[in-house]
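User: Please take a close look at one part of this structure: its charged side chains and the elements that carry them. Keep it brisk, and tie the pieces together.

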Amino acid sequence: LKGGDCHGPFLPHLECVCYDRCPRCSVEFELDVGFEDGNAMVAEDDVLAPVTVTSKDLHSNNETVAPAHFLSQDEQDESQDSGIAIVKMGPGQRLKLKAIARMGIAKEHSKWCPVAVGTYRF
């Protein structure tokens with residue numbers, strides 16, 4: 001996530017007084033993309049080519065927070081991608097999800113450790 005300094009507007013969820021989640025300790029992202037949505041402006045030869053859903057397709061419920069698509073502006077300028085690839089979809093497929101991002105520390109759980117990286121390979 002990028003949104004500047006998250007420590008001011010957001011609380012770690014263990015310090016928040018809410019039961020589950022609230023706008024003070026979490027941000028919600030929504031994604032609703034279908035094969036036909038991503039293939040609307042494609043040439044006829046590539047109509048059946050897979051559509052790549054990226055982090056640019058995620059929409060935040062907080063206008064000050066957005067997904068970090070690249071590490072730096074240089075990386076973004078050099079890349080041919082439009083963001084971090086999430087999934088490739090074929091004809092008739094649709095992906096709809098809701099994700100909740102919460103601030104935490106690695107002492108509490110390893111999922112907040114910055115060295116935990118998820119990758120995939122073709």
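Analyst:
**Charged side chains and their places**

Asp74, Glu75, Asp77 and Glu78 together make a negative patch on the surface. The model is a predicted one.

Take one member of that patch, Glu75. Helix H2, residues 73–78, holds glutamate 75. Is glutamate 75 buried, partly exposed or exposed? Its relative accessibility is 34%, so glutamate 75 counts as partly exposed. The cut-offs behind that label are under 20% for buried and over 50% for exposed. A patch residue must have over 30% relative accessible area and no salt bridge.

Now the salt bridges. How many does a search of the whole structure find? The search finds two. In general, side chains of opposite charge can pair when their charged atoms come close.

One pair is glutamate 28 with lysine 98. Their closest N and O atoms are 3.9 Å apart. That value falls within the 4 Å limit for a salt bridge. Glutamate 28 belongs to strand E1 and lysine 98 to strand E5, so this pair ties together parts 70 residues apart in sequence.

Arginine 94 and aspartate 32 also form a salt bridge. Here the closest N and O atoms are 3.1 Å apart. Arginine 94 is in strand E5 and aspartate 32 in strand E1, so distant parts of the chain, 62 residues apart, are linked. Aspartate 32 has 39% relative accessibility and therefore counts as partly exposed.

Both pairs run between E1 and E5. Look at those strands next. E1 covers residues 26–34 and pairs with E5 in the antiparallel sense, over nine bridges. At one of these positions, phenylalanine 29 has alanine 99 of E5 as its bridge partner. Strands of a sheet pair through backbone hydrogen bonds, either parallel or antiparallel.

Which strands make up the sheet, and in what order? It is an open sheet of three strands, ordered E3-E1-E5, with antiparallel pairing. E3 (59–60) and E5 (94–102) are the edge strands, and each pairs on one side only.

One further acidic residue is glutamate 108, in the segment after E5. With a relative accessible area of 33%, glutamate 108 is partly exposed. Its C-alpha atom is 9.4 Å from that of leucine 14, although 94 residues separate the two along the chain.

Last, the setting. The chain has two helices and five strands. Their order from the N terminus is β-α-β-β-α-β-β. Of the 122 residues, 25% are buried.

Terms used: Residues numbered from 1 in each chain as written. Predicted model: local features only at pLDDT ≥ 70, side-chain atom pairs only at ≥ 80, totals over all residues. Heavy atoms only, no water. Pairing = 2+ DSSP bridges. Helix = DSSP H or I, 4+ residues; strand = E, 2+ residues; numbered from the N terminus. Patch = residues over 30% accessible without salt bridge, like charges linked within 9 Å, V, L, I, M, F, W, Y side chains within 5 Å. Areas by Shrake-Rupley, 256 points an atom, 1.4 Å probe, with all protein chains shown as cover. Salt bridge = Lys/Arg side-chain N within 4 Å of Asp/Glu carboxyl O. Lys, Arg positive; Asp, Glu negative; His and termini not counted. Charge placed at Lys NZ, Arg CZ, Asp CG, Glu CD. Buried < 20%, exposed > 50% of the residue type's maximum accessible area, 1.4 Å probe, protein only.
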